[in-house]
Amino acid sequence: MTGTVATDPTATGITGFIVTCPEYESDGLTPSPLAGQAIIRNLMPMRVGVIAMPGADRIARGEEWLQTNTLDGQHAHDAFFKMGEPGYFQEYGPASFHVTIGFANPAIINARRPASAPGPTPPG
């Protein structure tokens, strides 16, 4: 399964975007084990800055999604590729994805807060 790549010739420094793998397989019923992942094959050895954004449909519905992890306080995460590299990256600890980016929805968190452990609400 591969992503769909689209380019905008007017964008400076942006080579395109990749749509992540769908939630369901082609039958529309079977959950995909790759949902939310982008699989990009045949990249030349290089360093890239990976930026993830919530889906446009979620933003259009007025949902707010905040990136929960950053690298040096920026949205972009560095990813380095080399020839013949395995599908999982291992620098320290167990092997994992080359880049992992998470998002949180404050409305969902606040709705679940009353059911969480009692105590004072932390500042912030």
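**Group meeting: a first look at the chain**

Good morning. The chain before you has two helices and six strands. Please bear in mind throughout that this is a predicted model. Taken in order along the sequence, the elements follow the pattern β-β-β-α-β-β-β-α.

Let me begin with the chain as a whole. The chain has 124 residues, and buried residues make up 6% of them. The exposed surface comes to about 10,100 Å², with carbon and sulfur atoms supplying 59% of that area. As for contacts, consider those with a separation of 6 or more: residues 24 or more positions apart account for 46% of them.

I turn now to the charged pairs. How many salt bridges does the structure hold? There are two.

In one of them, the side chains of Asp 78 and Arg 47 meet, with a distance of 2.7 Å from N to O. Asp 78 belongs to strand β5, residues 77-81, while Arg 47 belongs to strand β3, residues 46-50, so this pair ties together parts that are 31 residues apart in sequence. Are these two partners buried or exposed? Neither word applies: Asp 78 is partly exposed, at 34% relative accessibility, and Arg 47 is also partly exposed, with a relative accessible area of 45%.

The other salt bridge joins Arg 61 to Glu 63, and here the closest N and O atoms are 3.2 Å apart. Arg 61 has a relative accessibility of 51% and counts as exposed. Since the cut-off for exposed is over 50%, the value of 51% places Arg 61 in that class. Glu 63, at 23%, counts as partly exposed.

Glu 63 deserves a further word. Where is Glu 63 placed? Glu 63 sits in the loop between α1, residues 56-60, and β4. Leaving aside residues up to four places away in sequence, Glu 63 touches Arg 58 and Asn 105. The contact with Asn 105 links positions that are 42 residues apart in sequence; in space, their C-alpha atoms are 7.5 Å apart.

That brings us to Asn 105 itself. Asn 105 is found in the loop between β6, residues 103-104, and α2, residues 106-112. Is Asn 105 buried or exposed? Its relative accessible area is 8%, and Asn 105 is therefore buried, the cut-off for buried being under 20%. With residues up to four places away in sequence again not counted, Asn 105 touches Glu 63, Glu 64 and Trp 65.

Two other loop positions may help you find your way. The first topic is Leu 34, which lies in the loop between β2, residues 17-18, and β3. Leu 34 is partly exposed, with a relative accessible area of 25%. Beyond residues up to four places away in sequence, Leu 34 touches Cys 21 and Ile 39. Leu 34 and Cys 21 are separated by 13 residues in sequence, and by 6.0 Å in space from C-alpha to C-alpha.

The next topic is Gln 74, found in the loop between β4, residues 66-67, and β5. Gln 74 is exposed, with a relative accessible area of 51%. Gln 74 and Ile 51 are 23 residues apart in sequence, and their C-alpha atoms are 9.4 Å apart in space.

Finally, I come to empty space. Rolling a probe the size of a water molecule over the atoms shows where such space is left. The second largest pocket has a volume of about 240 Å³. Which residues line this pocket? The lining includes Leu 71, the run His 77, Asp 78, Ala 79 and Phe 80, then Phe 89 and Glu 91, and also Ser 96, Phe 97, His 98, Val 99 and Thr 100. By class, six of these lining residues are nonpolar, four are polar and two are charged.

You will have noticed a familiar name in that list. Asp 78 lines the second largest pocket, and Asp 78 is also the residue that meets Arg 47 in a salt bridge.

To close, I would leave you with two places to look at in the structure. One is the pair of Asp 78 in strand β5 and Arg 47 in strand β3. The other is Glu 63, which forms a salt bridge with Arg 61 and touches the buried residue Asn 105. Thank you.

Conventions
Residues are numbered from 1 along each chain as its sequence is written. This is a predicted model: local features need pLDDT of at least 70, side-chain atom pairs count only at pLDDT 80 or more; totals for chains, interfaces and linings use all residues. Side-chain values use heavy atoms; hydrogens and water are left out. Helices (H or I, at least four residues) and strands (E, at least two) are DSSP runs, numbered from the N terminus. Buried means under 20% relative accessible area, exposed over 50%, partly exposed in between (1.4 Å probe, protein chains only). Contact means heavy atoms within 4.5 Å. Accessible areas come from the Shrake-Rupley method with a 1.4 Å probe; for residues, only the protein chains shown count as cover. A salt bridge is a side-chain nitrogen of Lys or Arg within 4 Å of a carboxyl oxygen of Asp or Glu. On a 1 Å grid over the protein atoms alone, a cavity is a set of points where a 1.4 Å probe fits but cannot get out, and a pocket is an open set with protein on both sides within 12 Å along at least five of seven lines; lining residues have an atom within 4 Å of a point. Grid points are joined across faces, edges and corners, and a volume is the space filled by probe spheres set on the points. Ala, Val, Leu, Ile, Met, Phe, Trp, Tyr, Cys and Pro count as nonpolar, Asp, Glu, Lys and Arg as charged, and the others, Gly among them, as polar.
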